[in-house]
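Me: I have a new structure open and don't know my way around it yet. Can you walk me through it?

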Amino acid sequence: MSHEVTDRPLLWTGNHYNEGIGRDDIFDKLREECGVFGVFGHPDAAGLSYYGLHALQHRGEESSGICTVDSRDNGKFAYHRGMGLVKEVFDKENLDRLSGDRSIGHVRYSTSGASHLGNAQPLIFRYRDGDLAVATNGNIVNAPEIRRELEMSGSIFQTSSDTEVIAHLIARSPKDFVAAAKEALQRIVGGFAFLIMTNDKLLVASDPHGLRPLAMGRLGDSYVFASETCAFETIGAEYVRDVQPGELLILDENGLTVDRYAEIERRATCAMEYIYFARPDSDINGINIHSARKRMGQQLASESFVDADVVTGVPDSSISAAIGFAEQTGIPYELGLIKNKYTGRTFIQPSQELREKGVKMKLSAVRKVVEGKRVVMIDDSIVRGTTSRRIVNLLREAGATEVHVRITSPPFKNPCYYGIDTPDRKELIASYRTVEEIRKEINADSLAFLTDEGFVESVGGNDGAYNRGMCLACFDNDYPTPVNEESDKSCSC
């Protein structure tokens, strides 16, 4: 079983590319923490997982891993994990070693301090009934309490990841594997999508609120599972349906069995998946992300029109909304901002002056497009405010006469406890400043956010459900589960 990090020249601070990328990045964008991909019943499970994880790379750029099971070889486990991008961690040689017809894979983003190979997933364990591998997207809110309880009764944890909690709960249960997994899932609280694999079974589970997305597809006679449907397109699989809240899918030699470990509670899919995290070509709960973002832009134009010469979106997540805003207003859409995708980390520079130059390494204003123009800049959110100020100033330096900022989400006022790395409430600028104060802080001529009602209407979804089946806690402080504001939000998958 291979799991060593290949030695390479260090061109950055820290031990590996993207280590702790979230805390000090030039752009203080929100960070999704991980993505999962699973295969059951395909002779090249590892190869499919490689391409599936590549499609999910935007959900985690710090580490990746694949674990396979070969049902033709007595359920033999093999795995490889490493720090860095999928294409850096895997090559033909180590993929060839991952023989098997079943697999689970993972891409991870973690915060500084928990960024090491030991936390890279899938996590692999030996227990009384054989091998156990676990991959998850999300966060277990009550993991610290369960962890303390388990440690007091003798459990020894090998990682700082929340995910290890469920492995210990399963291993300590005297019940059979499926019953033990149900019992463990019933104990944990939070937002999560689990892939749990043994030598002869694959379990797939979504939390009772459906906070984190998880979809099922088919590729011939094989089943595939992914955090986003864009991964199915990559491997040529057909989307079947979303895994339902509280559902437990059991895959073994008998095929697929649909069960549940909990009843559906208030459905509350994360709003930021629609606004920012998911790829535009993904569908969540039957809603296409590009179309939803375009409607957000149209709704924002209706709510907060401003006369201008050009509309531009901050790449990449705001392009769809900028197109919608432009179509609704008749103001031309232009590529006023260009993103350089190949810069890597810019905060490794030793001085603040060079750090600020790093902004222009990652994002450039197109002078010929914005010079002498009144510009509407569309973005998905404002976190601390520093990013918006830098981008507004980029446009001004390129000659924009006015910069009007429009945000396709309501003000982000509250931290997330379900798998998104967010600052503490006191660092969220919208939690302690008015819209006018934020406008001045980011140096914009005007500023407007999408209303809660406008956002919900734009996404659409289940008309009869509360907030149409979405979690808006980061905007309205209405969390679907109990949360402890003193808990560590950064410790997740």
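Reply: Here is a short tour, by topic. One thing before we start: this is a predicted model.

Me: OK, cysteines. How many disulfides does a search of the whole structure find?
Reply: Zero.

Me: What about Cys416, how far is its sulfur from the closest cysteine sulfur?
Reply: The closest cysteine sulfur belongs to Cys270, and the distance is 5.8 Å. That is too far for a bond, because a disulfide needs the two sulfurs within 2.5 Å.

Me: Is Cys416 buried or exposed?
Reply: Buried, as its relative accessible area is 9%. Cys230 is buried too, at 1% relative accessibility.

Me: Which residues does the UniProt "binding site" annotation cover?
Reply: According to the unreviewed UniProt entry, Cys270, Cys416, Cys471 and Cys474. They gather at one spot, because no two of their C-alpha atoms are more than 10.2 Å apart although they span 205 residues in sequence.

Me: Where is Cys471?
Reply: Cys471 sits in strand E25, residues 470-471. Its relative accessible area is 8%, so Cys471 is buried.

Me: Switching to helices. How long is H10?
Reply: H10 has 15 residues, 289-303. From first C-alpha to last it reaches 21 Å, close to the 21 Å expected at 1.5 Å a residue.

Me: Which H10 residues are buried?
Reply: Ile289, Ala292, Arg293, Met296, Gly297, Leu300 and Ala301.

Me: Why would the spacing in a helix matter there?
Reply: An α-helix has 3.6 residues a turn, so residues three or four places apart point the same way.

Me: What happens at the start of H10?
Reply: Asn288 has a side-chain oxygen within 3.2 Å of the backbone nitrogen of His290.

Me: And H14, what span should its 12 residues have?
Reply: At 1.5 Å a residue, H14 (residues 386-397) should span 16 Å. Its end C-alpha atoms are 16 Å apart, so the two agree.

Me: Which residues are buried in H14?
Reply: Thr387, Ser388, Arg390, Ile391, Val392, Leu394 and Leu395. Just after H14 comes Gly399, with a positive phi of about 105°.

Me: Now salt bridges. How many are there?
Reply: The count comes to 27. One of them joins the side chains of Lys182 and Asp259, at 2.5 Å from N to O. Lys182 is in helix H7 (residues 177-187) and Asp259 in strand E14 (residues 255-260), so the pair ties together parts 77 residues apart in sequence.

Me: How exposed are those two?
Reply: Lys182 is partly exposed, at 22% relative accessibility. Asp259 is partly exposed as well, at 25%.

Me: What does Glu327 meet in a salt bridge?
Reply: Lys294, at 3.2 Å from N to O. This pair links distant parts of the chain, with Glu327 in helix H11 (residues 319-329) and Lys294 in H10, 33 residues apart. Lys294 counts as partly exposed, at 22% relative accessibility.

Me: And which residue pairs with Arg374?
Reply: Asp307, in a salt bridge of 3.4 Å from N to O. Arg374 lies in strand E21 (residues 374-379) and Asp307 in the loop between H10 and strand E18 (310-313), so the pair ties together parts 67 residues apart in sequence. Both residues are partly exposed: Arg374 at 25% relative accessibility and Asp307 at 46%.

Me: Which residues are linked in a network of salt bridges?
Reply: Arg59, Arg212, Glu228 and Glu273.

Me: Different topic: where is Gln121?
Reply: In the loop between strand E5 (102-108) and strand E6 (123-127). Gln121 is buried, at 0% relative accessibility.

Me: What does the Gln121 side chain contact?
Reply: The side chain of Thr163 is one polar contact, at 2.9 Å. The side chain of His106 is another, at 3.5 Å.

Me: Last one, strands. Which residues lie on the two faces of E24?
Reply: Ser446 and Ala448 are on one side, and Leu447 and Phe449 are on the other. All four are buried, so both faces of E24 (residues 446-449) are covered.

Me: In what sense do E22 and E24 pair?
Reply: Parallel, over four bridges, with E22 covering residues 402-407. One bridge partner of note is Ser446 in E24, which pairs with His404.

Terms used. Residues are numbered from 1 along each chain as its sequence is written. This is a predicted model: local features need pLDDT of at least 70, side-chain atom pairs count only at pLDDT 80 or more; totals for chains, interfaces and linings use all residues. Side-chain values use heavy atoms; hydrogens and water are left out. The expected span of a helix is 1.5 Å times one less than its number of residues. Buried means under 20% relative accessible area, exposed over 50%, partly exposed in between (1.4 Å probe, protein chains only). A polar contact is a pair of N or O atoms within 3.5 Å; within protein, one must be able to donate a hydrogen and the other to accept it, and residues adjacent in sequence count only if both atoms are side-chain atoms. A salt bridge is a side-chain nitrogen of Lys or Arg within 4 Å of a carboxyl oxygen of Asp or Glu. Two strands pair if DSSP finds at least two bridges between them. UniProt positions are given in the numbering used here, feature names are shortened, and annotations may be inferred rather than shown by experiment.
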